[in-house]
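Got the viewer open? Let's take a short walk, one selection at a time.

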Amino acid sequence: MFKASAYCQWPLGSMDLNKTSKWDSLDSNPITGMFGEVEVCSTVRIIAENLDRNGLVPQRSIVTHLLKDLLSMKASKDHGYFLAVTNLKSIGKGEVVNKSGDVLFHVEFKCRTFMPMKGEILQGVVHRTFRHGVLLRCGPVKYIFLSARKMPNYQYTSEENPVFLNDELARIENNVLVRFSVLDVRWIEKMWDMRRDFMMLASLVDGMQALQGSILDDMDVKVVESVVVKKVEKGKKMFLKVQLPWNVIIPAENLDAKGLMLQRSIVVCLLDDFAKKRATKDLGYYLAVSTLESIGEGKVRQQTGDVLFPVVFSGITFKIFKGEILEGVVHKVLKHGVLLRCGPIENIYLSSMKMLDYRYVPGENPVFLNDKTSKIEKDVVVRFVVLGTKWLEAEREFQALVSLEGDYLGPVS
């Protein structure tokens, strides 16, 4: 085994996302709102000088550089931010480039994406406060501008630590978590220090009457232009990046003298084990392996001949917290409430007592109706606030209790 130098050809080069990628339906595990999954075909090039005499290449090198270049590419206008590789589908046979002697590997994989959308209600952490407003960060989006014009009940106070205050002494300042609605989204190919990024215009949830017709205008862009992003966000969020040790067991019959095949078996078994683990109380649901950090020396099990490899990797997990505003899909309607699904969480219970304006209407397709004929029925997307969560050890899953008591909560049209 040896260290190989590699680079991946991505769009703006050999991979055209508009032609070679597709959106999967994900019927068994729907992803709602801003989150999606895209299938990508890419090419990894291994430099000729790093090939051994047998032309073998460690699969770890191919996968690691694939992940690094996905991180470097960061986002696309059509699909949003690339969050993590969820499934490594195939690594093709190496093809030698005649002139250079380099070897190209065609790789197909699935990737989780995050596309910010107008009208969503999100939470972000303030990382810069100035006279004209604040900049927030939400997940991978760093340039979310909440203008002073979009928080009319707040006044700017110039202190050693600048802050926006309202009459009730509520504070909006650095490191404060703010709930906001997305008024507009703009794709930035390249501008100032920004490259392949999104910029968003936000409004406080209480000020959502400004939603209609609000766009990210040149004045807002110029304000953001004067800001240099330096601070790191703090606070709880649904998506966590974790680094975990893992033991991967390769059955004796799957061992192969060729390094490439062994590396492939380790990666495939790691992805399978990661999916089967499902969730933990502390970290939430395991979503994806994002980076393979290291593979240790294998240890043979004397009784079976299987080999155990200690592995360290980075991954993405999903855990909901009390007080968060999320969206879920109704998958069961009961007399006393409905069950929703949000990402990997199947048992999210919205009681009829927590949607006071709605009444139950029985029938072949039961539904909850209010006086404005707004419907909550099967397959409807509902925006809700989380009241509490419960971990079930035996099932290795979470349950959540949610409510519609709050502004702008309910069915999403």
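Which residue stands opposite Arg137 in E9? Click on Val125: that's the one facing Arg137. Keep in mind as you go that this is a predicted model.

Now select residues 121-130, which make up strand E8. E8 pairs with E9 in the antiparallel sense, over 5 bridges. Look at the link as well: the two strands form a hairpin with 2 residues between them.

Next, select residues 133-138, strand E9. In E9, 6 of 6 residues are buried. Side chains in a regular strand alternate between the two faces of the sheet. Try colouring by side: Gly133, Leu135 and Arg137 are on one, Val134, Leu136 and Cys138 on the other, and both faces are covered.

Move on to residues 141-147, strand E10, which is antiparallel to E9 and shares 5 bridges with it. Pick out two pairs here: Leu135 has Phe145 as its bridge partner, while Gly133 is partnered by Ser147. At the hairpin of E9 and E10, select Gly139, where phi is positive, near 60 degrees.

Zoom out and add E14 and E15. You'll see 5 strands closing into a barrel, in the order E8-E9-E10-E15-E14, with mixed pairing. On average, neighbouring strands are turned by 45 degrees against each other, direction ignored.

Last stop: residues 59-73, helix H2. At 1.5 Å a residue, its 15 residues should span 21 Å, so the 21 Å between its end C-alpha atoms agrees. Of those 15 residues, 11 are buried, including Ile62, His65 and Met73. Finish on Lys74, which follows H2 and has a positive phi near 75 degrees.

Technical notes
Residues numbered from 1 in each chain as written. Predicted model: local features only at pLDDT ≥ 70, side-chain atom pairs only at ≥ 80, totals over all residues. Heavy atoms only, no water. Pairing = 2+ DSSP bridges. Helix = DSSP H or I, 4+ residues; strand = E, 2+ residues; numbered from the N terminus. Axes fitted to C-alpha atoms, helices over the stretch in contact; angles between N-to-C directions. Expected span 1.5 Å × (residues − 1). Buried < 20%, exposed > 50% of the residue type's maximum accessible area, 1.4 Å probe, protein only.
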